Amino acid sequence: MLRSNMPGSACDDGRASLEFLVLGIAGVIPVMFLGLNIASIQGATLAAETATAHATRVFIQESTVDEALSRAKVAAVIALANHGISSYQEFSLSCAPSSCLQPGSIVTIRVGVDAPLFSTDLLPGVLGAETLRVTAESTRMVSRYGVPE
């Protein structure tokens, strides 16, 4: 069959694969960045939740507040290390009655960690941040029968 010499019927043979390759890569890279960021945030969230759960569990089983606080911080660091995070950036303690270890008191521990984000200098503002702070808190009640001596 003869090719037409009419205007507008230029030959485009072989260009579809190149276009598919370029557009495919341009679409895969942002999706990859998004997936890596979501995985990092989810891992940090799980680590923070585990750290608060262990810290409150340890805290309410001690007899003095100073010892309870130091052991709770150690428990939080160990739980974070199990998830590949070296330390926390935020650790706070609050108690419903003023005495934290009084039977029936409510103890809340909040732990914040920074989740590393995969970003580039091309993204403006918050989207170009290197980390995102993820916080979790856990609340437990001190046993009505008191803490073990």
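Trainee: Which residue in β3 is the bridge partner of Arg 110?

Mentor: In this model, which is predicted, the bridge partner of Arg 110 is Glu 137 in β3. The neighbouring register can be read in the same way, since the partner of Ile 109 in β3 is Ser 138.

Trainee: How many bridges join β2 to β3, and what is the order of strands in the sheet?

Mentor: Strand β2, residues 106-116, is joined to β3 by 11 bridges, and the two run antiparallel. The sheet is open and has three strands in the order β1-β2-β3, with antiparallel pairing; its edge strands are β1 (90-95) and β3 (131-141), each of which pairs on one side only. From one strand to the next the twist averages 15 degrees. On the other side of the pairing, β1 and β2 share six bridges, and Ser 94 has Thr 108 in β2 as its bridge partner.

Trainee: What should I look for when charged side chains lie on such strands?

Mentor: Side chains of opposite charge can pair when their charged atoms come close. Here the side chains of Glu 137 and Arg 110 meet in a salt bridge, at 3.4 Å from N to O. Because Glu 137 lies in strand β3 and Arg 110 in strand β2, this pair ties together parts that are 27 residues apart in sequence.

Trainee: Which residues does Arg 133 meet in salt bridges?

Mentor: Arg 133 forms one with Glu 90, where the closest N and O atoms are 3.9 Å apart; as Arg 133 lies in strand β3 and Glu 90 in strand β1, the pair ties together parts 43 residues apart in sequence. The side chains of Arg 133 and Asp 114 also meet in a salt bridge, at 2.6 Å from N to O, and since Asp 114 lies in strand β2, that pair ties together parts 19 residues apart in sequence. Glu 90, Arg 110, Asp 114, Arg 133 and Glu 137 are linked in a network of salt bridges, while the structure as a whole holds six salt bridges.

Trainee: How is the disulfide to be read, and are its cysteines buried or exposed?

Mentor: A disulfide is a covalent bond between the sulfur atoms of two cysteines. The structure holds one, formed by Cys 95 and Cys 100 with their sulfur atoms 1.9 Å apart. The link is right-handed, with 95 degrees about the S-S bond, and both Cys 95 and Cys 100 are buried.

Trainee: Which residues make the nonpolar surface patch?

Mentor: Leu 21, Ile 25, Val 28, Ile 29, Met 32, Leu 36 and Phe 118 make a nonpolar patch of about 630 Å². Of these, Leu 21 is found in helix α1, residues 15-59.

Conventions:
Residues numbered from 1 in each chain as written. Predicted model: local features only at pLDDT ≥ 70, side-chain atom pairs only at ≥ 80, totals over all residues. Heavy atoms only, no water. Patch = residues over 30% accessible without salt bridge, like charges linked within 9 Å, V, L, I, M, F, W, Y side chains within 5 Å. Areas by Shrake-Rupley, 256 points an atom, 1.4 Å probe, with all protein chains shown as cover. Salt bridge = Lys/Arg side-chain N within 4 Å of Asp/Glu carboxyl O. Helix = DSSP H or I, 4+ residues; strand = E, 2+ residues; numbered from the N terminus. Disulfide = S-S within 2.5 Å. Buried < 20%, exposed > 50% of the residue type's maximum accessible area, 1.4 Å probe, protein only. Pairing = 2+ DSSP bridges. Axes fitted to C-alpha atoms, helices over the stretch in contact; angles between N-to-C directions.
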